[in-house]
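Okay, thanks for making time, everyone. I'd like to walk you through one structure today, so have a look at the screen and I'll talk you around the fold.

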Amino acid sequence: MSDAPYQGQCLCGGIQYQAVRVASKMGHCHCSMCQKFHGAAFSTFAAAIESDFRWVQGENLLQTYTASNGTKRKFCKQCGSSMVFESVESNGLIEFSVATLDVSPTLKPDAHIHTGTKVDWVNIDNEGLPMFLNGRTIKG
Ligand SMILES: [Zn+2]
Ligand SMILES: [Zn+2]
């Protein structure tokens with residue numbers, strides 16, 4: 001039960017989740033909506049298929065914000081932590097904020113996406129990762 005390799009929680013600890021497996025694509029997102037939502041230069045999301053992901057506790061603390069383009073972002077209504085992102089392209093995948101994991105994942109990010117809106121006050125050392133001016137599909 002607690003041996004799922006991916007375990008995370010929000011800042012206040014009210015929300016906890018587990019994923020038994022994540023998809024191979026894990027991207028740093030530089031879109032302007034992630035910047036606003038996270039209050040940060042960029043966000044980093046991993047994706048798990050729905051059956052591999054579960055809320056351990058605090059699902060009732062999740063608040064959903066639906067943006068003008070229809071994407072949904074779920075966050076903790078107690079502490080504001082960004083937990084989950086869903087869009088039509090998510091295709092049954094749960095995208096969750098990697099930084100809410102309790103232990104660094106062995107899998108590392110493999111791309112920067114939406115770099116067309118990257119802030120100009122951070123220089124990205126892209127570590128040789130591909131940069132996508134816009135999005136990319138996660139599935140595959
Ligand atoms: Zn919280
Ligand atoms: Zn984004």
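Let me start with one strand pair. β3, residues 27-29, runs parallel to β10, and three bridges join the two. If you want a pair of residues to click on, take Cys 29, whose bridge partner in β10 is Ile 113. Before I go further: this is a predicted model, so keep that in mind throughout.

Now zoom out. The protein chain has one helix and 10 strands. Reading from the N terminus, the order is β-β-β-α-β-β-β-β-β-β-β. As for overall dimensions, the radius of gyration is 14 Å, close to the 14 Å that the globule rule gives for 140 residues, so the chain is as compact as a globular protein of that length. The C-alpha trace spans about 40 × 30 × 25 Å along its principal axes. Buried residues account for 30% of the 140. And if you like contact maps: among contacts with a separation of 6 or more, 58% are between residues 24 or more positions apart.

Back to the sheets. β3 and β10 belong to an open sheet of seven strands, ordered β6-β7-β8-β9-β4-β3-β10, with mixed pairing. At the edges sit β6 (62-66) and β10 (111-113), each of which pairs on one side only. Ignoring direction, neighbouring strands here are turned by 30 degrees against each other on average.

Let's walk in from the β6 edge. β6 pairs with β7 in the antiparallel sense, over five bridges. The two make a hairpin with five residues between them, and in the turn you'll find Gly 70 with a positive phi of about 90 degrees. Next along, β7 and β8 are antiparallel too, over four bridges. That's another hairpin, again with five residues between the strands, and Gly 80 in its turn has a positive phi of about 85 degrees.

A nice residue for following this across is Lys 74 in β7. On one side, Thr 64 stands opposite Lys 74; on the other, Lys 74 stands opposite Val 84 in β8. And is β7 itself enclosed or open? Four of its five residues are buried, so β7 is largely enclosed by the rest of the structure.

There's also a second open sheet, with three strands in the order β1-β2-β5 and antiparallel pairing. Its edge strands are β1 (6-9) and β5 (53-57), and each pairs on one side only. The twist from one strand to the next averages 25 degrees. Inside that sheet, β2 and β5 run antiparallel and are joined by four bridges. Have a look at Tyr 17 there: its bridge partner in β5 is Trp 55.

So what about the interior? The largest nonpolar core has 24 residues, and the ones touching the most other members are Phe 45, Ala 46, Ala 47, Ala 48, Met 83, Ile 94 and Phe 96. Elements giving two or more residues to the core are β2 (16-19), β4 (43-49), β7 (72-76), β8 (82-86) and β9 (93-97). Which strand gives the largest share? That's β4, with four residues.

Phe 45 deserves a closer look. Leaving out residues up to four places away in sequence, Phe 45 touches Gly 27, Cys 29, Phe 85, Glu 95, Phe 96, Ser 97 and Val 98. You'll recognise Cys 29 from the start, as the bridge partner of Ile 113.

Two last residues, and then I'll stop. First, Ala 23, in the loop between β2 and β3. Is Ala 23 buried or partly exposed? It has 18 C-beta neighbours inside 10 Å, and burial takes 20 or more, so Ala 23 counts as partly exposed. The C-alpha atoms of Ala 23 and Ser 97 are separated by 13 Å, with the two residues 74 apart along the chain.

Then there's His 114, in the segment after β10. Its phi is near 55 degrees, a positive value in a residue other than glycine. Most residues other than glycine have a negative phi. What's the environment of His 114, buried or exposed? There are 23 other C-beta atoms within 10 Å, so His 114 is buried.

Right, that's my tour. Over to you for questions.

How values were computed. Residues are numbered from 1 along each chain as its sequence is written. Chains are lettered from A and ligands numbered from 1 in the order in which they are written. This is a predicted model: local features need pLDDT of at least 70, side-chain atom pairs count only at pLDDT 80 or more; totals for chains, interfaces and linings use all residues. Two strands pair if DSSP finds at least two bridges between them. Axes are lines fitted to C-alpha atoms, for helices over the stretch in contact, and angles run from 0 to 180 degrees between N-to-C directions. A nonpolar core is a set of buried Ala, Val, Leu, Ile, Met, Phe, Trp, Tyr and Cys residues joined through C-beta atoms within 7 Å. A residue is buried if 20 or more other C-beta atoms lie within 10 Å of its own, exposed if 12 or fewer, and partly exposed in between; C-beta atoms are placed from the backbone. Two residues are in contact if their C-beta atoms, placed from the backbone, lie within 7 Å. The radius of gyration is taken over C-alpha atoms; the globule rule is 2.2 Å times the number of residues to the power 0.38.
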